[in-house]
Amino acid sequence: MSLRSSLAYFVFRGASGALAVLTVSVFARLLGPEGYARWTLAVVVSGFIAGVLVQPIHSALARFLPRPGGAAFVGTLGRLLLIAAGVVVLLALALGIASPHWLPTGVVGLALALGLSQAGFDFSAQHCSSTLQARRYGRLYLCKAIIALIAGGIALLLGWGAAGAVAGTCLGFLCATALFGRLAWLEVARGRFDAATLPEVRAYALPVMFALLTGALLQWGDRLVLAANVAPAQLGAYSAGGDLAQQGFGLLFSAFHLAWFPRLIAQWEAGSHELKAQVNRYAQLSLLVMVPAALGFALVAHDLADVLLGSAFRADASKVMPWLALAALLGGMRSYLFDLPLHLAQRMGTQSLIAGGCAVLGVSLNLLLVPRYGIGAAAVVAVLAQASGCVASYLVGRHTLSPQWATRDLLVVAGAASAMALAVFMVPISGALGLCIKVLLGAAMYCVVVLATDLAGLRRLIAGRLRLFRRLP
């Protein structure tokens with residue numbers, strides 16, 4: 001059903017992901033490990049003071065806009081977003097006054113600018129996704145990625161440090177929203193604040209807020225513990241490795257989710273008998289991308305750290321990157337697959353409890369182990385926390401509508417991934433040339449197995465497109 005939309009989102013998010021990886025590389029090389037640690041803390045604080053208050057509104061837009069009559073929510077949610085932005089400013093001022101000793105001066109201000117500019121951008125992006133405007137969505141993300149890379153790189157070359165990286169990123173958010181995301185805000189301006197929708201929005205958004213708070217602890221808590229217990233250079237190396245994993249293939253994981261979620265919401269609301277089959281199809285396509293992306297990243301982690309981050313990061317980053325890749329894979333499976341039944345049934349309180357339990361586990365283990373074992377312990381704890389979340393979400397959601405995979409699909413993906421790993425191990429060359437050969441050869445081997453077995457009907461799809469192309473005059 002959504003294969004074409006999935007491919008469109010995949011292409012756009014893939015291009016945006018490649019630019020995001022390049023941005024991480026440029027920022028890391030120009031900032032150095034200690035400067036990258038400062039940039040990381042700005043992103044983390046932004047996630048806590050802005051993301052927790054703003055993201056529930058984006059989630060509500062994703063949940064309610066696709067259903068019949070959902071356009072009436074846009075004006076209300078847009079105005080709620082502006083109110084939340086005001087609260088974020090007050091929280092940032094309070095945190096700036098009472099910031100801990102390990103938080104560098106000025107980081108809260110950088111985080112505030114980053115959070116507010118991203119809030120408007122994400123609202124526009126979610127509006128495009130929920131209204132199935134794949135091309136506009138792609139242009140929005142590509143524009144942001146290009147401007148952030150160019151402007152941030154120039155600012156860093158001028159010696160602005162982490163503030164320059166933040167300024168360039170904020171400029172990317174604002175310009176992209178003005179050029180390709182203005183339709184959402186025009187709809188907000190034309191709409192009205194409908195108080196009658198508030199009870200439903202509140203019932204959905206408040207549990208989401210708690211889930212996002214616990215999710216932020218799960219995603220960023222290790223950085224905060226590391227900031228208080230290890231040298232800034234080690235925090236910078238750990239964060240750069242994690243950012244490569246998240247930006248490199250975390251964005252791809254969300255591509256299928258963005259293409260499918262509005263349609264699954266519509267089918268759930270309509271009580272469609274095809275919903276179960278479509279959920280399984282969505283799970284099949286997601287697995288097709290998730291496994292090779294994470295495995296490939298882990299296989300070439302040392303080369304990636306050397307080529308993209310440089311010698312200052314290589315020793316520390318290459319040790320944690322395979323673990324962080326596995327953590328990102330498990331986190332993607334939980335967020336985009338096993339949490340899906342909870343989103344459809346609006347069981348956000350349950351999702352919050354699961355995320356909260358995983359966050360408490362992760363922070364507790366980090367507080368216990370990081371002071372003694374450093375960044376290696378933090379990477380292993382990230383895997384354990386995400387794995388526990390996957391198991392909990394699956395067990396809770398399986399009685400509602402759990403994604404299922406055919407045994408043949410699992411065997412084919414395992415075989416294709418093994419062929420990819422074997423091809424990568426056979427390449428003895430290191431450095432930039434070795435990295436390119438490993439990536440191309442590994443991807444080629446994976447695609448050969450997938451197409452030979454016609455997994456997800458891809459071989460038939462490509463053959464059909466080629467026949468249509470040959471008929472064209």
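This short talk goes from the overall form of one chain to its aromatic rings and then to its cysteines.

Please keep in mind throughout that what we have on the screen is a predicted model, and that the values I quote are computed from it.

Let me start with the chain as a whole, which contains 17 helices and zero strands. How does the radius of gyration of the chain sit beside that of a compact globule? For 473 residues a compact globule would come out near 23 Å, and the chain has 22 Å, so the two agree. If you draw a box around the C-alpha atoms along the principal axes, the box is roughly 65 × 65 × 50 Å. Of the 473 residues, 54% count as buried, and the accessible surface of the chain comes to about 19900 Å², with 68% of that surface belonging to carbon and sulfur atoms. When we take the contacts between residues at least 6 apart in sequence, 83% of them join residues that are at least 24 apart.

Now to the aromatic rings. A pair of such rings is described by how far apart the centres are and by the angle between the planes. If we count pairs whose ring centres lie within 6.5 Å, we arrive at ten aromatic pairs. One of them is formed by Phe 64 and Phe 73, which are stacked, with 4.9 Å from centre to centre and 10° between the planes, and both of these residues are buried. Tyr 137 and Tyr 141 also have their ring centres 4.9 Å apart, but here the planes stand at 40°, so this pair is tilted. Both tyrosines belong to helix 4, which covers residues 134–157, and they are four residues apart, about one turn of the helix. Tyr 137 and Tyr 141 are buried as well, and together with Phe 121 and Phe 173 they form one aromatic cluster.

Finally, the cysteines. How many disulfides does the structure hold? The number is zero, and two residues can serve as examples. For Cys 143, the closest cysteine sulfur is that of Cys 175, and at 6.6 Å it is too far away for a bond, given that a disulfide needs the two sulfur atoms within 2.5 Å. Cys 143 has a relative accessibility of 12%, and therefore counts as buried. Cys 358 is in no disulfide either, since the nearest cysteine sulfur, in Cys 390, is 8.4 Å away. With a relative accessible area of 4%, Cys 358 is also buried, the cut-off for that word being under 20%.

Notes. Residues are numbered from 1 along each chain as its sequence is written. This is a predicted model: local features need pLDDT of at least 70, side-chain atom pairs count only at pLDDT 80 or more; totals for chains, interfaces and linings use all residues. Side-chain values use heavy atoms; hydrogens and water are left out. Rings of Phe, Tyr and Trp (its six-membered ring) pair if their centres lie within 6.5 Å; planes under 30 degrees apart count as stacked, over 60 as edge-to-face and the rest as tilted. Buried means under 20% relative accessible area, exposed over 50%, partly exposed in between (1.4 Å probe, protein chains only). Helices (H or I, at least four residues) and strands (E, at least two) are DSSP runs, numbered from the N terminus. The radius of gyration is taken over C-alpha atoms; the globule rule is 2.2 Å times the number of residues to the power 0.38. Contact means heavy atoms within 4.5 Å. Accessible areas come from the Shrake-Rupley method with a 1.4 Å probe; for residues, only the protein chains shown count as cover.
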